[in-house]
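Here are a few exercises to work through with the model open beside you. Try each task before you read its solution.

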Amino acid sequence: MASVFIEPNKAGLTTICIEALQTDYKISDMVDMSLVEKEAARYYGNCFADERHVIYVAHTETGFVGCGGISFYEIMPTYNHPSGKCAYIINMYTSPLYRKQGVATQILDLLVKAAQKHGVRKISLEATKKGRGIYEKYGFVQSGYEMEYK
């Protein structure tokens with residue numbers, strides 16, 4: 001296998017985001033992703049200006065291998081979370097040819113370190129069945145159920 005490089009990146013993220021979503025969630029090419037693509041471009045354009053989002057991209061000399069991002073936000077401080085600083089890991093993806101080689105673990109480590117640098121102690125994520133083992137090995141635990149307003 002070719003050498004894999006992991007670095008912070010901002011170029012081409014909208015395309016990478018769409019590819020990761022379609023692959024991980026088995027979204028058909030027939031599904032119109034234009035609104036997601038438009039809003040992802042808007043999101044990335046806004047959040048990099050004030051460092052609310054960090055993304056790492058893994059690549060070889062010839063192309064994309066994987067990625068992972070982390071978004072920072074605040075909630076009202078509570079007794080068990082006095083800083084109120086939180087982070088959410090999103091868009092973790094590794095190309096099938098590079099899975100089981102430590103790429104996702106290296107990206108996850110960089111994201112957790114970015115959160116720690118920002119003073120974040122509460123980091124959450126949504127795991128696919130394929131990714132759950134990586135997160136558990138790293139120290140993430142299932143934390144109840146979330147509810148979503150639709």
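**Exercise 1. Set out the order of the elements from the N terminus on.**

Solution. Reading from the N terminus, the protein runs β-α-α-β-β-β-α-β-α. That comes to 4 helices and 5 strands, where helices (H or I, at least four residues) and strands (E, at least two) are DSSP runs numbered from the N terminus.

A word on the ground rules: this is a predicted model, in which local features need pLDDT of at least 70 and side-chain atom pairs count only at pLDDT 80 or more, while totals for chains, interfaces and linings use all residues. Residues are numbered from 1 along each chain as its sequence is written, and side-chain values use heavy atoms, leaving out hydrogens and water.

**Exercise 2. Find which elements supply the largest nonpolar core.**

Solution. Start with the term: a nonpolar core is a set of buried Ala, Val, Leu, Ile, Met, Phe, Trp, Tyr and Cys residues joined through side-chain atoms within 4.5 Å. The largest one has 21 residues, and Ile 70, Phe 72, Ile 89, Met 92, Ile 107, Leu 108 and Leu 111 touch the most other members. Next, assign elements: strands S2 (53-59), S3 (64-74) and S4 (85-94) and helix H3 (103-117) each give at least two residues to this core. H3 provides the largest share, 8 residues. Finally, look for a separate group: another core, of 6 residues, lies apart from this one and includes Ala 40, Tyr 44, Cys 47 and Ile 55. As background, nonpolar side chains in soluble globular proteins tend to be buried together.

**Exercise 3. Decide whether Ser 124 is buried or exposed.**

Solution. First place the residue: Ser 124 sits in strand S5 (residues 122-125). Then apply the cut-offs: buried means under 20% relative accessible area, exposed over 50%, and partly exposed in between (1.4 Å probe, protein chains only). Ser 124 has 18% relative accessibility, so it counts as buried. For its surroundings, take contact as heavy atoms within 4.5 Å. Not counting residues up to four places away in sequence, Ser 124 touches Tyr 73, Ala 87, Tyr 88 and Ile 89.

**Exercise 4. Classify Glu 19 by its accessibility.**

Solution. Glu 19 belongs to helix H1 (residues 13-24). Its relative accessible area is 34%, so Glu 19 is partly exposed. With residues up to four places away in sequence set aside, Glu 19 touches Phe 64 and Tyr 93. As a last step, check a distance: the C-alpha atoms of Glu 19 and Asp 29, 10 residues apart along the chain, are separated by 10.0 Å.
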